Amino acid sequence: MRSGLARLTFSTLAVALAVAPIGCGDDAPAPADSGVTTESCSYLPMSATARAGGTVTAGSLTAGAAERVLDIPVGTALGGYTGRAGFLSSAGSVDTRKVTTSGTFNPSIGVESAPRVKALALTAGGETVVIIKLDAIFAYEGMLFDLEQRLGPDYAGKVIIATSHSHSAWAQFTGHGPLKLGSGELRDVVYKRFLDACEGAARDALGSRVPAKLGVFSTTNFDPTDQINHDRRGENNMLPGGNKKDDHMFLFRVDTASGAPIAIVPIFGQHPTLNGEDNPFASSDAVGALERQLAEQFDSQVVVMHLQSAGADVSASGHGGVDCNAHPGKPSDPCFSWTGEEGHGRAAVTELMAAWTSAGAAMRDSIELEMLTRSVETGPFPETYKIRDGALTYAPFDLNRVPDGVVMEGGKLASPIDEYNAPVGAALCETGEPMFPAAQIPGTEGILPYGSCLRLDVAGGILGGIFKIDFGVDETHPVCETTRTTVSALRIGEYLLGTMPGELSVLLAGRVRELSPLPDKTIVVGYAQGHIGYMLRPEDWVLGGYEPSVTFGGPLEAELVAERLAALLPLALTPMREDGTTDGATRLATATITDNLPKDEPAQMRGTVPATVPDLVYARTGKPAQAQPQATISRVSGIATFTWIGDDPLTRTPHVTLQKETGTPGAFANVTRRSGRPVEDMEVTIAYTPSPLQRSGPQTHFWVAEWQAVPWVGAPGLDNLSDRGGLPLGNYRFHVEGAGWSLDSDPFAVIAGGVVLGAPSRTAGNVKVGVSWHAPKGWRLMDMSLSSNQPVPVRSQQVTVELLTAADAVLSSATVATDASGNAQVADLGSAAKVRVQDRFGNTATSPLP
């Protein structure tokens, strides 16, 4: 979904600009005549790579993996869509609440599928590396270096932080000024909780290492029918290789020495934007659903951590959906695309499991392991941007110069490039038409995509004032975060893994492989170690469109970083352990901020159930009629809700699990998936409402949990969509854990139900009736193609059909199979007045006969 929503949200910046009024030193000084300096930036020396100077040898492998939920305060802004800025639109808003944490952005209101941090620790031949995967919109270099320092000197240059790029995950953790336009202002409480979770997961993984073996699967023909993902950038279709998606896929399989699975790491690129800007619930989106579905193919808690590759111009394919106008004459339920997440995960399982099986054919328990990390200087000086051995460069920046307008010459990019004339950087380079003339690069009107570029020194001050964000930029001082980025090279046996700090495109990933000493065994991971925006080849960048609009160093920056990575990759293959910081740059100091956020601690009445539910309390299906769940709910269509008063989100987001009564009356235990994990987020959604909605003093903090009565992901024996009507009957309840307290809802019984019948017909001596499951208010996936909140046919399944008298006496009973459209047919009896159908799980429905 780069398409509509993502494009729209960044173009809204033009609206903001149109109505706006105009109004520590570097170790590489700027040329004397430019006037640009980085003296306001605070740089630090890189810590020398741990264990540099030793020898790389194969050694026995040990491995450990772990995962944790990111405990970020609800109310924190979600990252990825500038349209969530409150002064631009009401995207993601459900009421008039104001939350100090989210600043100028509309606040998140709950959790659908909780963003997580996952870690894989590998040790072999005296080397140890840690790979972190975060459910976040992008990576922030400051967090990488802070995590290394927390883990200790043995981890200098030995940690990778890669991100999922979910556009519905928690944000507000970066010090990068321009990127805050899509993620909100940095909050210390959010940053520290991210860092705490990363450290905790890393230490858990390190502490769980056991003798292990590792196998790799690779293909250059991934998902040929686009069931998992698809190309999303049409502007570059005329370029060689531009009209295809990322068809490279790698998968690491890590098992114990005895063959028990520890971790699975699929690596391929895709944009996880199945949820749009209107979704206010935190979600791990497509990537999280894929990981969860794959994890539940196992009987133990295998850590599945997808790593992005070339996802810039590739979108995740969603399956299933909801009908946003399912209730004519009534307000529609919120139209969230959560069903598409689960459908995406289900579509990916078959191919990924086949890859996992193949990776087991040749596993190694002794491997070579080496990792190096290097800081790369990017902006602001034009002479830095020289690529292809100097064949492509920028002309010296001079705002008094008019460009020649020659972008291509003899079928190649003209060099030096004088259209990109932005001394401290530019963004929103999308079209040839000026977006905001006062910030335009001089003389570029009508030149694609330079005409719409906004110089950061002009636009930054105006947008910073509107968004209440300090960009730290003016005509002689660049945004400090645009002057440095980070790359890493990791050798794992005979494979090389290289990281790229941004939204890596298919063509640039191909260029990295071309430059690598092991082209066929080079794995390029995007969205890792930092973020400079979209990463396109220059020939792709000049074609315009949405992707070049989210860059800050022009058409040459991304390939410059790719060449710096290519220079690092061979060092990971030498027999000596190299210091990756040699020939690298200094790094930028981590940004800091002091929060002044009001918090109720302890919150009034926390851990209690209100006698009545106030009208302002929000839930996806509408304000709950009562705090406790209804005494009974039916399968499929039934939704249990529970309302309680809990902690201030700044104290803790509640952890809610589903429990079921055991064989002992009154005794409950957590419902578990096939893997042994508890049933929690994704099946159980939580929503938050403060009262009053806008703080004027202490607030009461209302929370609502909702659960739809269908089998959970990983339900043993019931995990196919054809099993949706088979949820185990019995008594259930919600269990809530807060900050030092816990709470259980009243029990509620799940009973048979959820079947609906289409209008029966009597034809040629037969009765024919359509059999469906119907969840009109549901949000769980019911079908891979149909709307999940409309009737979904019970296809090709055994059902029992009874013909009844008007007084419900049974005249005939037959067990038949429904057809591919969910129709059942039996011989007619002229005296029959009704038909009753029972599905294979005992759910029944009755309809009069014509």
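**Figure 1. Span and burial of helix 3 in the predicted model.** Helix 3 covers residues 188-207, where helices are DSSP runs of H or I with at least four residues, strands are runs of E with at least two, and both are numbered from the N terminus. At 1.5 Å a residue, its 20 residues should span 28 Å, and the end C-alpha atoms are 28 Å apart, which agrees; the expected span is 1.5 Å times one less than the number of residues. Of the 20 residues, 14 are buried, so helix 3 is largely enclosed by the rest of the structure. Buried means under 20% relative accessible area, exposed over 50%, and partly exposed in between (1.4 Å probe, protein chains only). This is a predicted model in which local features need pLDDT of at least 70 and side-chain atom pairs count only at pLDDT 80 or more, while totals for chains, interfaces and linings use all residues. Residues are numbered from 1 along each chain as its sequence is written, and side-chain values use heavy atoms, with hydrogens and water left out.

**Figure 2. The open sheet that contains strand 10.** Eight strands form the sheet in the order 7-6-5-3-8-10-11-13, with mixed pairing. Strand 7 (159-163) and strand 13 (303-304) are the edge strands, each pairing on one side only. Two strands pair if DSSP finds at least two bridges between them.

**Figure 3. Burial of strand 10.** All 8 residues of strand 10 (residues 249-256) are buried, so the strand is largely enclosed by the rest of the structure. One side carries Met249, Leu251, Arg253 and Asp255; the other carries Phe250, Phe252, Val254 and Thr256. Both faces are covered.

**Figure 4. Neighbours of strand 10.** Strand 8 (residues 210-219) runs antiparallel to strand 10 and is joined to it by 8 bridges. Among the bridge partners, Val216 is matched with Phe252 and Gly215 with Arg253. Strand 11 (residues 261-267) is also antiparallel to strand 10, through 6 bridges, and here Arg253 stands opposite Ile264. Strands 10 and 11 form a hairpin with 4 residues between them. Gly259, in the turn, has a positive phi of about 105 degrees.

**Figure 5. The setting of these elements in the protein.** The protein has 9 helices and 46 strands. Its C-alpha trace spans about 100 × 65 × 60 Å along the principal axes. Of the 850 residues, 62% count as buried.
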